[in-house]
Amino acid sequence: MNFGADFLGTWLTPAAFASQFAKRRKIKDDKAGQMSRLVQFESNMSYTGSNADHRVLIKPSEQGLAIAKLHNAIASKVGMPSIDINGNLSNPKAEKAIATVADELMQARGKAIVLSNSNNTAEQGLVVAINQGLGNYGGTLDFNESSNLRQGIDKQMSDFINELTSGAVDAVLFIDDANPVYDHPKGKQIEEALDKLNLSVAITSMPSETQAACKFVAPTPHYLESWGDVNPSRGHYGIVQPTINPLFDTRPAVISLLTWSGQAPEVMMGDDPLYTFIKNRWEAALFIKQHKYATFQNFWDNTLQDGFTMLDEEARELSYALDITSLAGKINRLANSELEVQFYEPLGIGGGAYANNPWLQEMPDPVTRVVWDNVLHIPLKWNGSSRFEYFKDLDEDGLLVDLVIEEQKIRVPVVRQFGQMEGTVACALGYGRWATGKAGSGVGSSCYPMLKSDDDGNIQYFSTMPVVSGKADKDKRFASVQHHHTLGVTGKDESAGGATINVDEKTVMTLGYGVQGGLTKRSIFRHAASHELAESIEHLKEERAEFQHLNEQTLYPDRSEFYGMGHHWGMSVDLTACIVCAACQVACVAENNVPIVGKTEVSRHHEMTWMRIDRYYYGDVESPNVVYQPMMCQHCDNAPCENVCPVAATNHSSEGLNQMAYNRCVGTRYCANNCPYKVRRFNWLDYNAADLFPSNENDPFNENTPYYADNLTRMVLNPDVTVRSRGVIEKCSMCVQRIQEGKLTAKQEKRMLQDGDIRTACQTACPTGAITFGDMNDHGSKLNELLNDPKTYVALEETNVRSSIGYMMKVINRNEKINSEEA
């Protein structure tokens with residue numbers, strides 16, 4: 001049960017939460033009885049909400065009321081005091097869903113969890129009380145492993161700003177890339193106050209708005225260039241070790257502070273002072289907490305080798321006394337406004353700290369599929385009321401509008417968003433930076449000045465006073481990588497592609513096993529409800545048998561004997577476990593020197609990413625379920641790209657890989673036209689600044705400077721992977737360089753290659769274990785187990801291309817009472 005906390009996207013530690021979440025979502029032995037259920041209450045389609053079994057729509061200002069109603073429902077069942085509340089939620093389904101969810105939570109007492117992203121202290125107090133009443137502490141919630149991240153208190157920051165602006169502060173130091181001039185609602189006041197201050201120092205590793213406003217800058221190295229230590233959660237201590245010598249004349253923040261305070265550690269000649277300081281601190285503070293090693297040197301050496309250590313901390317029990325009755329007047333009150341806006345932290349660049357990373361700027365937003373911009377999510381049903389002024393018919397993505405809150409105004413493109421509650425809009429934070437590097441400056445619009453604080457000084461990430469106005473012009477550089485949302489729709493006057501949705505009716509989108517309207521079956525992806533899993537598996541068996549029967553008649557030769565010896569590489573992707581964190585996509589870009597092309601080129605559909613993650617909706621239009629499908633070269637055994645290449649640049653290896661000979665490719669693009677999966681990329685320009693003709697070079701940042709124009713930037717390239725030139729096709733190679741590395745390692749160790757020795761970049765980065773790579777000829781491998789799973793199917797199997805990648809159908813665990821009118 002979750003009130004808006006995007007724990008699979010950007011909330012606290014999403015990578016750790018994703019791993020834990022996936023363990024209860026994967027289905028073993030086709031038994032879905034132990035599968036967890038996630039119910040998300042929210043207004044906009046968050047990353048976690050898109051992975052939920054149910055989404056219940058409430059306005060941002062109604063979250064406090066919804067939490068209070070759930071609290072009272074639980075309190076009446078466990079004997080806790082309830083609170084006095086007035087008013088009803090604007091969505092009648094939400095009122096009924098809370099009662100149903102309360103019953104389910106009671107049935108799972110001690111094994112459930114209730115979360116909230118609210119920045120209202122009273123609302124979080126109610127969430128604590130709910131979890132106490134359900135007996136979740138000590139079970140699903142453990143104080144002994146509590147997170148140490150995001151410990152900031154908004155009220156303290158507000159008090160500091162008041163002191164700074166009043167002249168009570170003589171000097172200020174901003175440490176570890178702190179950037180409140182940009183990412184605080186009162187950033188303008190901070191900037192003006194710093195201009196009057198005699199001593200202001202930014203201790204930072206990157207250019208920033210705060211650094212530009214300070215009198216002095218103390219540059220720090222990148223975290224991979226220096227020593228450090230971390231304590232991300234209670235009992236978990238880690239060592240950060242440098243992987244490269246510092247590239248610039250920098251000094252770690254800790255050493256700067258120690259030096260300025262006259263406490264710099266004494267070091268032997270040639271020793272790193274930060275290393276000496278950390279080692280001394282660990283000996284004094286942490287060595288005494290462990291009982292495994294007799295000497296500190298053994299403890300230190302083993303920690304360095306492992307990278308971290310787990311230490312026993314003093315046990316803690318929940319001692320959180322609440323006066324429940326006093327909280328009623330402190331929760332956010334109903335606004336009853338015509339329009340509300342939710343501000344959220346996007347997956348790629350976060351709150352703006354990573355805005356200067358072009359890999360993340362060009363990573364499509366998993367929900368909107370837009371790159372290099374923040375957008376205004378609008379509901380499919382746009383009612384044309386006074387707060388929408390000129391926009392009764394916003395029927396096209398990419399139209400520019402003004403979002404106005406009091407005196408603050410930004411101009412952003414709109415995206416019609418499935419699952420966006422009527423009467424609400426949403427916009428991402430983290431964009432609109434003006435003093436960072438060339439990749440992040442001038443991208444999108446900043447929403448931080450629009451944020452306000454409540455009576456306790458806590459920043460509220462929504463507003464009940466937005467106005468959408470202005471002339472709706474088309475953003476000519478609007479860059480989206482996916483313009484279709486379904487693969488077949490049932491309902492009134494629907495298009496086969498699902499691009500047009502009649503939202504005046506209770507339209508239901510479906511990608512089932514026989515799409516209505518006389519459409520041909522297309523095995524793009526398959527989904528099932530947990531209570532119908534056996535029936536869906538049986539249907540899938542029948543469908544695959546039909547496809548295989550159709551494929552018996554073919555002009556292609558039988559290659560089964562050809563692949564019977566040696567290796568035959570393949571992959572499995574579990575759609576239930578895939579949460580679209582996009583780590584696989586970014587890892588692929590980093591590993592394989594995939595070029596960044598910039599917003600203009602993406603708007604022309606010239607993106608170069610080898611792996612894309614398609615997003616499809618199905619179910620009820622008002623609050624649909626979502627499937628994410630990583631799509632890369634399928635390494636087909638009957639590859640249609642191979643037999644149309646006039647120069648044999650794309651060919652098949654003896655190990656089942658569809659491989660590219662770049663220096664043979666002449667750029668006819670016949671192969672891309674003939675690929676049913678559309679996963680082959682063409683170098684329209686010289687994206688790596690290796691051409692003799694500057695006019696062929698790409699300018700992704702519109703600065704008349706190619707991305708790879710300097711040797712420092714070229715250091716990002718992987719030396720094990722060829723850099724491609726203009727006019728050449730490229731695509732997923734299944735990390736062939738890693739395959740060769742695995743073979744050579746086994747040869748050097750004089751042993752056979754074992755299952756798990758080779759892991760592709762996407763598999764290594766995946767926090768949920770959704771991707772498995774291996775040898776299909778190794779019948780005892782994990783890959784073979786997954787490919788033989790009855791939930792596995794092959795995308796477009798009916799085309800007889802014989803893909804080497806199997807997908808496991810998406811399974812959700814729904815209770816139809818939650819979103820029904822009779823909940």
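## Helix packing and aromatic pairs

In this predicted model, helix H6 meets helix H8 through Met-157, Ile-161, Leu-164 and Thr-165 on the H6 side and through Gln-189, Ile-190 and Ala-193 on the H8 side. Sorted by character, the residues of this contact comprise 5 nonpolar and 2 polar ones, with no charged residue among them. H6 covers residues 154–166 and H8 residues 187–196, and the two pack at an angle of about 40° with 9 Å between their axes; H6 and H8 are therefore oblique to each other. The crossing in which H6 passes H8 is left-handed.

A second helix contact involves H11 and H12, whose axes lie 11 Å apart and enclose an angle of about 120°, which makes H11 oblique to H12. Here H11 passes H12 in a right-handed crossing. Tyr-275, Ile-278, Lys-279, Trp-282 and Glu-283 of H11 meet Phe-296, Gln-297, Phe-299, Trp-300 and Thr-303 of H12, and the residues of this contact divide into 6 nonpolar, 2 polar and 2 charged.

The aromatic residues can be followed in a similar way. The model contains 23 aromatic pairs, and two of them are set out below.

| Ring pair | Distance of centres | Angle of planes | Geometry |
|---|---|---|---|
| Tyr-182 and Tyr-448 | 5.2 Å | 75° | edge-to-face |
| Phe-287 and Phe-299 | 5.9 Å | 40° | tilted |

Tyr-182 belongs to helix H7 (residues 180–183), whereas Tyr-448 sits in the loop between strand S15 (424–428) and strand S16 (452–453), so their pairing ties together parts that are 266 residues apart in sequence. With a relative accessibility of 3%, Tyr-182 counts as buried, and Tyr-448, at 6%, counts as buried as well.

The pair of Phe-287 and Phe-299 joins parts that are 12 residues apart in sequence, because Phe-287 lies in the loop between helix H11 (273–285) and helix H12 (296–306) while Phe-299 lies in helix H12. Both Phe-287 and Phe-299 are buried. These two residues also take part in one aromatic cluster, which is formed by Trp-227, Tyr-237, Tyr-275, Trp-282, Phe-287, Tyr-293, Phe-296, Phe-299 and Trp-300. The cluster and the contact of H11 with H12 share residues: Tyr-275, Trp-282, Phe-296, Phe-299 and Trp-300 are among the members of the cluster and are also among the residues through which H11 and H12 meet.

Definitions and conventions: Residues numbered from 1 in each chain as written. Predicted model: local features only at pLDDT ≥ 70, side-chain atom pairs only at ≥ 80, totals over all residues. Heavy atoms only, no water. Axes fitted to C-alpha atoms, helices over the stretch in contact; angles between N-to-C directions. Helix = DSSP H or I, 4+ residues; strand = E, 2+ residues; numbered from the N terminus. Parallel < 35°, antiparallel > 145°, perpendicular 65-115°, else oblique. Left-handed = near helix turned anticlockwise from the far one by under 90°. Contact = heavy atoms within 4.5 Å. Nonpolar A, V, L, I, M, F, W, Y, C, P; charged D, E, K, R; others polar. Phe/Tyr/Trp six-rings, centres within 6.5 Å; stacked < 30°, edge-to-face > 60°. Buried < 20%, exposed > 50% of the residue type's maximum accessible area, 1.4 Å probe, protein only.
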